[in-house]
Amino acid sequence: MEHGDFCDLLIVGAGPTGLACAIEAGKAGLRAIVVEKGCLVNSLFHYPANMVFFTTSELLEIGGVPFTTALAKPNRLEALEYYRKVAAHFALDTRLYERVEAIVPCNPSAPGFEVSSTRADGSRGRYHAAAVVIATGYYDLPNLMGIPGEDLPHVRHYFQEAHAFARQEVAIIGGKNFAAETALDLYRHGARVTLIHRQAELASSIKYWVRPDIENRIKAGEIRARFRTRVLEILPGRLRLLTPEGEAEMRADFVFALTGYHPDFDFLRHAGVALDAASRPVCDPASYQTNVPGLYLGGVVVAGRNTSEIFIENGRFHGQVIVAHILSQRAAAQLA
């Protein structure tokens, strides 16, 4: 073990929830280390470049630090700047571009973990942590459709900027908010867009200011839409579809399969976290402690596949609950 790598709390993931956990630990006098496989707030960094949050800035605040924005709803760049400044303000110990590989209890009957990691330069990290929080989010793993051609080079599961797709035939698979916003951005940057959705209409969860825009573009024929349609196969330059009228094909220079994302369930299982029949991690809702003593979950990973249950605005409070439970467990152990 490397010198200085003992901590009271090791947090896997440097998103808003992970940072909030580290802040709460520091306020309680605990030493916290945050280990992140990518950059600070890595998922937010990979959001679409022009994304505007659904919520207002004060609901994204952590650590009691005000988040002031020019408009009521912050954009991606403002959020990135805010979380950078918060991490600097609290001098959080963040180990970026370092992937946690294993979380192993030191003693199966008591808290305490050996955590191993791999850094960007290939070197290994080793930590001893009295407690661990997994706050890894869900944005890194797309929900695959299980169809031929999903791995072809012209298929994307993420969208950031539209310019590269100008004057191209672009198919978007999905009917939720991300698909609608992507379709609008691509259309406004010169792409010829077709939206493909297996349901009869767009999802009810689409942002209220996005819905009339996408519906009007579809009504005007500026964005084509194929509802009650399923993609059977992705081929170079084209798609094979199952429509209400039967099988059909359409041209597609690029395909955005925006069918949602899910947490890394394999990582949770390897850490010993039990999952129920619906792939929801088992944890106490009063403390967020899992079936493994001393191992906690924070943020959207708590909800398993139900990723619409937890957002930054409610996940940011998980750290307060977790740290309070850690302190209560310590106090109880001292009295025993």
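A residue is called buried when its relative accessible area is under 20%, exposed when it is over 50%, and partly exposed in between, using a 1.4 Å probe and protein chains only. Tyr208 is exposed, because its relative accessible area is 57%. Keep these three words in mind as you look through the structure.

The model is predicted, so local features need pLDDT of at least 70 and side-chain atom pairs count only at pLDDT 80 or more, while totals for chains, interfaces and linings use all residues. Residues are numbered from 1 along each chain as its sequence is written, and side-chain values use heavy atoms, with hydrogens and water left out.

**Five residues and their exposure**

Here are some residues that come up again below.

| Residue | Relative accessible area | Class |
|---|---|---|
| Ala324 | 43% | partly exposed |
| Trp209 | 30% | partly exposed |
| His262 | 16% | buried |
| Arg228 | 56% | exposed |
| Tyr288 | 15% | buried |

**The nonpolar cores**

In soluble globular proteins, nonpolar side chains tend to be buried together. A nonpolar core here is a set of buried Ala, Val, Leu, Ile, Met, Phe, Trp, Tyr and Cys residues joined through side-chain atoms within 4.5 Å. Which members of the largest core touch the most other members? They are Tyr83, Ile103, Val132, Ile172 and Leu186, out of 89 residues in that core. A contact means heavy atoms within 4.5 Å. Leaving aside residues up to four places away in sequence, Leu186 touches Phe159, Ala162, Phe165, Val170, Ile172, Ala191, Val193 and Phe256. Apart from the largest core lies another one of 13 residues, including Ile147, Val155, Met250 and Val255.

**Strands and hairpins**

Helices (H or I, at least four residues) and strands (E, at least two) are DSSP runs, numbered from the N terminus. Two strands pair if DSSP finds at least two bridges between them. An open sheet of five strands follows the order S7-S14-S8-S9-S10, and its pairing is parallel. Its edge strands are S7 (155-156) and S10 (224-227), each of which pairs on one side only. S7 and S14 (residues 254-257) run parallel and are joined by two bridges. Val155 stands opposite Val255 in S14, and both of these residues are among the members of the 13-residue core.

Just past S10, Arg228 lies in the loop between S10 and strand S11 (230-235). Arg228 is not a glycine, yet its phi is positive, about 50°.

S11 and S12 run antiparallel and are joined by five bridges. They form a hairpin with two residues between them, and Gly237 in the turn has a positive phi of about 80°. Across this pairing, Glu233 stands opposite Arg240 in S12. S12 (residues 238-243) has two faces: Leu239, Leu241 and Thr243 make up the covered one, and Arg238, Arg240 and Leu242 the uncovered one. On its other pairing, S12 meets S13 (residues 246-251) in the antiparallel sense over six bridges. A hairpin through two residues joins S12 to S13. The bridge partner of Leu239 in S13 is Met250, one of the members of the 13-residue core.

**Aromatic rings**

A pair of aromatic rings is described by the distance of the centres and the angle of the planes. Rings of Phe, Tyr and Trp (its six-membered ring) pair if their centres lie within 6.5 Å; planes under 30 degrees apart count as stacked, over 60 as edge-to-face and the rest as tilted. How many aromatic pairs does this rule give? The count comes to 15. Tyr47 and Phe53 form a tilted pair, 6.5 Å centre to centre with 55° between the planes, and both residues are buried. The rings of Tyr208 and Trp209 have centres 5.0 Å apart and planes at 85°, so this pair is edge-to-face. Ring pairs also link Tyr47, Phe53, Tyr138, Tyr139, Tyr158, Phe178 and Tyr261 into a cluster.

**Around His262**

His262 sits in the loop between S14 and helix H6 (265-270). Its side chain and that of Asn143 are joined by a polar contact of 2.8 Å. Such a contact is a pair of N or O atoms within 3.5 Å; within protein, one must be able to donate a hydrogen and the other to accept it, and residues adjacent in sequence count only if both atoms are side-chain atoms. Not counting residues up to four places away in sequence, His262 touches Tyr138, Leu141, Pro142, Asn143 and Arg305.
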